[in-house]
Every structure is written in C-alpha cells, then in structure tokens.
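Me: I am new to this structure and would like to go through it. Could you show it to me?

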Amino acid sequence: MIRSRGQSVLYAVLLMPTLILVFALAVDMAGLQMQRLRLRYAVDLATVTAATGVDAPYYSRTGLLQLDPDAAAATAREYLVRNLAGMPDIEAPATIAAAADITIVNRTPAIDPYTGGRLDRPAICARIRTPHRFMLLGWIGLNEVQLTIAADAEIRP
Amino acid sequence: MKGAASVGLSVLLLATAATDGHGLGATTATVSITAVSGYAGHAFVYAQVSDSTFAYPAPTGTGHQSPFFSEWVAQPVAIGSCPWIWAVYVFDRATKVQINAPPPTAPQPNFGTTTSVCAGPSTTPVDQPSQADASARLDLDLQVTVSPAASTAGSTSLVSAAISSALTQDLNLYLNMAIEDWSVTNWAIDFGDGQTRTLSGPVGTSIQVGHIYQTAGRYEARAVASISGRAQAAVYDRYGTVHLLHRAFSVQVGNRALATAVARPLRSYLPPHVNVGVVPYLGPETGTGSPTPFRHIDVLRGALTTLSVHLLIAREGLLLVDGRPTGFGRSRLTAWRFDGSLSDAPPGSGTIPGTPRGAGEPMRLQWNSPDPIVRGQLQDYGVPVALYVETRFPDGHVASYVILSSFSVSVNFAAQSG
C-alpha cells in the first residue's frame, strides 16, 4: 500500500510537468495557428484589393487588364497596414507592411516567387514576416517564432 | 506712150457712150427671186433685177437709199474727140470709203478712179449708158453638231446648229440688188429618236438644245432653219430718183449630225464589311493618339468602363461597273447605337440602349456579374451595336448603311489565385 502511494507521488512528480508542457504546447500552438490564420486573411485581402490596381494606359492600348506595378504595390502595403492594425500581438503594422515582399507578375504563365504556385493571369504576390510571441512556451525558453505568410491574387475572369 | 493711152481711153469711152439710154418717168425694171432650199447643209437665194431699157447712175449727195454715192468731176484730157471726161468717184455711203480706186499700177492718165466717161457739152452725168442686170446671192450654210458625239444613254446631249452666210451683191452705179434683210423665223429639230422640237419667234442664227437619248443607239439629229427675208433692188431714173423694189423670199436650210448613245453602265454599290471596335478607358476617355480598336476586351467587374466606338473595316465599299470592280469607297462612322440591355452602370451614368449616338460620343457600360458559365466554359458577354456608316464611292455616290455588329467582353475580377 505504501509502495503504491510512492508510485503515485512519482507519477505526480514526473507526469505533472509533462502534462503542463503538453498543455502549454497545445495552447500556444492553437494561438500560433490562429495568428497564422489571421495573418493569412490580412495578406489575402490586401493582395485581392491590390489586384484591382489596373494599368490604365496599357488597358487602352491592348484592351487587356494587367496590374500597374506601382499602384498595386502601394495599395497592397496600404491595406496590409490597415488589416494588421486591428490584429492582436502585432506591434508595428507599418513596419511589417513596409518590409513586406511584394512582386507584380504581368507576364504569365509564371510561378509565385513566394508560394511556388502557378500563375496564369496577372497577379500580385506578397509575403510578410512577423514575430509571434508564445504565451506559455516561454517557460521552457521558447519565447517566439518568426511567422512568414505569403499570398497572391490575380485578375481573372 | 501717155498720149496713146489717152487716145485709147477716149475711144473706149466714146464706144460706151454710143449706147446711151434714154430717160423714162417710171421704172420698167423686173426683180426675180430664186430661193433654193437645201437639207444637206447648204441653201441659197438668188435675186436679180433687170432693166434692159433704162438704168442710170446714182447722183451725188444724200437723200438716196443706195448704199453708195458718187461724185462727178470734170477732167480735161485734151483729146480732139473727147476734150474732157467725167471722172466718177464712188463712195460707200456708210464708211465714206472710195470703192472704185484704181490699182497703183493703173496706166496714165490716172484720175484716181476706175470709172470715167467721155463728157461733151451735151452729155450729162445722168445720161450715161444703162446696165441691164444686177444680182445678189445669199449663200446659207448650216452646221449641225451633237456634243458629245458619243454620250451615255440617259445623259444630256447638246444639239447645236449654226448658220453662216455669205452675201454677194451688185451695188453698182446703175442698178443695185441687195439682200440685207433676212432672219430665221423657225428652227425645227428632229433628234432622230422620234422626238422633235420647234423653236419659233425671234430666234437667232444659232441654237443649242439639250436632249436626252434614253436608249442606246445611233441617231441622226436633223435641224432645219426656216428663213424669211426680202431682196431690195434700187433703180434710178434719169432724174436721179431712186425706185426701190422689194421681193420677199423664204428658204429652208437643213443639215444633220450623227449622235451615238452608248448603254448606260450598270453601276452597283456593295456595302463595306465593317465591324465595331472599341477602345476601353477606365474613367474618362483620354486622348492617346490613334489607339487600336478591339473586338474583344477585358473589363473589370464593377468598374464603369468608357469605350470609344470605332469602325473596323474588313473590306471597303466596292463600286461595280457592269459587274466589274472599279474602285473602293471610303467609309466613315457617323453614329452608333447600343442595342444591348441596360448595363449595371449606376443610374444616369451608363449608355441607354436603343438611342443613336454621334460617332465621337463614348459608350459607358458596367458589368457587376462575372462571365456566365455555359456547359462548363466561361462565356464572354456579347455587346450588340448598330453602326451608322456613310460610304463615299469613287464616282461621288454617297451611300448610308446601318450595319449590325458586336464586340465581346470578358469580365475580370480580382481574386486569390488557385
């Protein structure tokens, strides 16, 4: 009986940290995924909005739609700032937007330089990098990770 | 030499004087007229006055109806049989120009006239030899032309006729026969195709009449001028009194000309093959030089698109003459009409269907829905447009056409890839 009690204490001493670690991992992983999802939405919407930045002179010359590189990139950065500003744990939206990688692809077919996806229509490709701070995993020294989110949007029928 | 000439002249004058006439109170002259009509371009009138008994020279001075007058000047020649002569100087009454001046090479004695008579104390200027006849001849030539000689059936040809005349008349010292008073009283024109025309009243010696030969063929146009006039003979008695004798005459002169009317070429005008082309603008139309119009364009969903409408000519209008291509026309867009349904443009900003618009007016359309999917495939929107085209052909003919055409639109929108 006494031996059984000692085994329980041993279990408690050994398993409790493991359980706590598992719990922390679950919580922070969920937060990480939620943040990744929010960031993905933010980048997606910014690129979709920027994909309306049509090169008007080219349109009149050819009757075809393609993106104005300057206008589309500016629009993408503008909407990145707007979308990131309302998100939790994003400390410097403007800095992230300014540092975002943005590529305008008007000659298709092409490959998205950030996602590797195939592009058949004029598109804007964007990629942001932002740190994500863990809530619980810091106990074991894992304070944050760098999140890289990429998305693209194209003009298509 | 000079003496021999004088003797010869005197003998001649005396011989002439030997046939002296005698005075008469009234003239016994007769005037005959011969008018010969001709229909091959020539006619003439011949008038003759005859007075085999008495005829005397016209006296000096005015008051006489002769176109000439004469002056008699006594000239001594110192020949026994004819010690002096009458030198007769005859002048045109209108111009005062002497008409019987001798040539420079005339033999002596030269008194400045070719007319002289030996005049003795018992001889007077009016007691001179008679002249039996005087005549006048009026030649009439008629020329008829048709211009152009070869015309197109249905076009106007000009039939022209002109009379030219030549008058030869004796206006001498003793008897005058003149034809100076004549005119055309009537023109009759037979165009040769069954139609005729008559011009009456005061008509001139030339006419021009337009005529249309309706069918192809060769025609003989004839013109006949009816001419009336009178001849005047002037006879002088021994007292210098003029007696005028008038005789009316009428004559016809005709001629013909060939006219050719060729069949009117059958012209037909083929309309141009054209399509509508558009140049898109996002926002207001901007001047970009000479943009290339398109039959298919992309548009951005939800964006009001401005379209300038142009004519895409696949083949110009063609002029056919007798079935053969002769030349291309030049077409231009004068207006257009949007025949589609009301677009998604905001109220008051889009083009209303069914209303003709000027060629320079922009079309404004908007699509808020993406391309429809038919049998699993995206299908473009068709935009029907009626084109108002004006074509000017090489012969100046201008034709207007309303040509139905359309262009296609692919509605694009921004979306995530994949």
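Reply: The notes below cover the core, one loop residue and the contact between chains. This is a predicted model, in which local features need pLDDT of at least 70, side-chain atom pairs count only at pLDDT 80 or more, and totals for chains, interfaces and linings use all residues. Residues are numbered from 1 along each chain as its sequence is written, with chains lettered from A and ligands numbered from 1 in the order in which they are written.

Me: How many residues has the largest nonpolar core?

Reply: There are 59 residues in it, and Leu80(A) is among those with the most contacts inside. Such a core is a set of buried Ala, Val, Leu, Ile, Met, Phe, Trp, Tyr and Cys residues joined through C-beta atoms within 7 Å.

Me: What does Leu80(A) touch, leaving aside its neighbours within four places in sequence?

Reply: Its contacts (C-beta atoms, placed from the backbone, within 7 Å) include Val43(A), Ile96(A) and Ile128(A).

Me: Now Gly138(A): buried or exposed, or in between?

Reply: Gly138(A) is partly exposed, because 13 other C-beta atoms lie within 10 Å; 20 or more would make a residue buried, and 12 or fewer exposed. The C-alpha atoms of Gly138(A) and Asp28(A) are separated by 9.7 Å, although the two are 110 residues apart along the chain.

Me: How many residues of chain B are in contact with chain A?

Reply: On chain B 22 residues are in contact with 22 residues of chain A. S26(B) provides the largest share of the chain B side, 6 residues. A strand here is a DSSP run (E) of at least two residues, numbered from the N terminus.

Me: Which strand of chain A is joined to S26(B)?

Reply: S5(A) runs antiparallel to S26(B), with 4 bridges joining them. One bridge partner pair is Glu154(A) and Ala415(B).

Key:
Two residues are in contact if their C-beta atoms, placed from the backbone, lie within 7 Å. Two strands pair if DSSP finds at least two bridges between them.
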